[in-house]
Amino acid sequence: MTTYNSDGIPIHNGKINVNTAGGMASYADSMPIPTGDPDNRKGWYFAKSSGAEKFNYYFYGQGSRAITLNQVAEYYFVGAVDTYVNGASLPFIVIYTKMQGDGNDAGAWYRSKITYSLHSSQLVQLGIKSQFSTVSNPSTKFPFSRKHLNIVGGEGPQDPSEEILTMSVQSDSGADNTTKILISHVGYCLHNRTEDVNILLSA
């Protein structure tokens, strides 16, 4: 069950601070590392300057038991795109599942990889926070415009019974060097709302 503050923002039940060991594990191989937002908005701010720089923010690690693909109803993040050149300027969600070692694993450290990104018909306003979700009517609702993410690619078997290794929000390494993106919340909900996870990224 999601609870909300007086501004209509869902109250987070998890938090990752950029300056902690948990923060460093979350942004992992991102370059440059996220910082606080120059406009004082909550969240992690990414400003690309050259080359193949990109961010990967990992926000799930297994707890007392594994979660499978078919148990998750939706994934989402809240963020703002401050510059736009083309579709590569937009962040997206990537889900990885655990290796099984049967010859069908798609990657060196994962079995399947599923990518959700924004359809080109969706309107993105510069600097305006939106909720990007893999469903059109998310269970956890932020008081911002909502953008629907579609499955656009994948690797591996992608069997519904596969156990999730990690969830992530990423940017495109091919994006223009002016790319600037803010991500403030990440989360997911299980079917029947047996678990709602809403994590604040704090700088």
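The following paragraphs describe a predicted model of a protein chain, moving from its overall form to a central strand and then to a loop.

The protein chain contains one helix and eleven strands. Read from the N terminus, the order of elements is β-α-β-β-β-β-β-β-β-β-β-β; the helix therefore follows the opening strand, and strands make up the rest of the order. Along its principal axes, the C-alpha trace extends over about 50 × 40 × 40 Å. A compact globule of 203 residues would be expected to have a radius of gyration near 17 Å, and because the protein chain has 16 Å, its value agrees with that expectation.

Several totals describe how the chain is packed and what its surface offers. Of the 203 residues, 49% count as buried. Among contacts in the protein chain with a separation of 6 or more, 72% are made by residues 24 or more positions apart. The accessible surface amounts to about 9,400 Å², and carbon and sulfur atoms account for 50% of that area. As for charge, the chain carries 15 positive and 17 negative charges, and the mean positions of the two sets lie 6 Å apart.

Strand β4 offers a useful point of entry to the strand arrangement. This strand comprises residues 72-81 and is mostly covered, with nine of its ten residues buried. Two pairings of β4 can be followed in the model. With strand β10, residues 180-190, β4 pairs in the antiparallel sense over nine bridges. Within this pairing, Val78 stands opposite His185 of β10. With strand β7, residues 130-133, β4 is again antiparallel, and the two are joined by four bridges. Here the partner of Gly79 is Ser130 of β7.

Strand β7 also contains Ser133. Is this residue buried or exposed? Ser133 has a relative accessible area of 2%, and since buried means under 20%, the residue falls in the buried class. Its surroundings can be read from its contacts: leaving aside residues up to four places away in sequence, Ser133 touches Glu74, Tyr75, Tyr76, Pro138, Lys147, His148 and Leu149. Of these partners, Glu74, Tyr75 and Tyr76 carry numbers that fall within β4, residues 72-81.

Attention may now turn to the loop between α1, residues 21-27, and β2, residues 44-47, where Pro32 is placed. Met31 and Pro32 are joined by a cis peptide bond, with omega at about -5 degrees.

Which backbone angle is notable at Ala28? Phi of Ala28 is near 40 degrees, a positive value in a residue other than glycine. Ala28 lies in the loop between α1 and β2. Its relative accessible area is 40%, so Ala28 is partly exposed.

Asn40 lies in the loop between α1 and β2 as well. Although Asn40 is not a glycine, its phi is positive, at about 65 degrees. With a relative accessible area of 72%, Asn40 is exposed, because the exposed class begins over 50%.

Taken as a whole, the model can be read through two regions: strand β4, mostly covered and paired with β10 and β7, and the loop between α1 and β2, which holds Pro32, Ala28 and Asn40.

Definitions and conventions: Residues are numbered from 1 along each chain as its sequence is written. This is a predicted model: local features need pLDDT of at least 70, side-chain atom pairs count only at pLDDT 80 or more; totals for chains, interfaces and linings use all residues. Side-chain values use heavy atoms; hydrogens and water are left out. Buried means under 20% relative accessible area, exposed over 50%, partly exposed in between (1.4 Å probe, protein chains only). Two strands pair if DSSP finds at least two bridges between them. Contact means heavy atoms within 4.5 Å. The radius of gyration is taken over C-alpha atoms; the globule rule is 2.2 Å times the number of residues to the power 0.38. Accessible areas come from the Shrake-Rupley method with a 1.4 Å probe; for residues, only the protein chains shown count as cover. Lys and Arg count as positive and Asp and Glu as negative; His and the chain ends are not counted. The place of a charge is taken as NZ of Lys, CZ of Arg, CG of Asp or CD of Glu.
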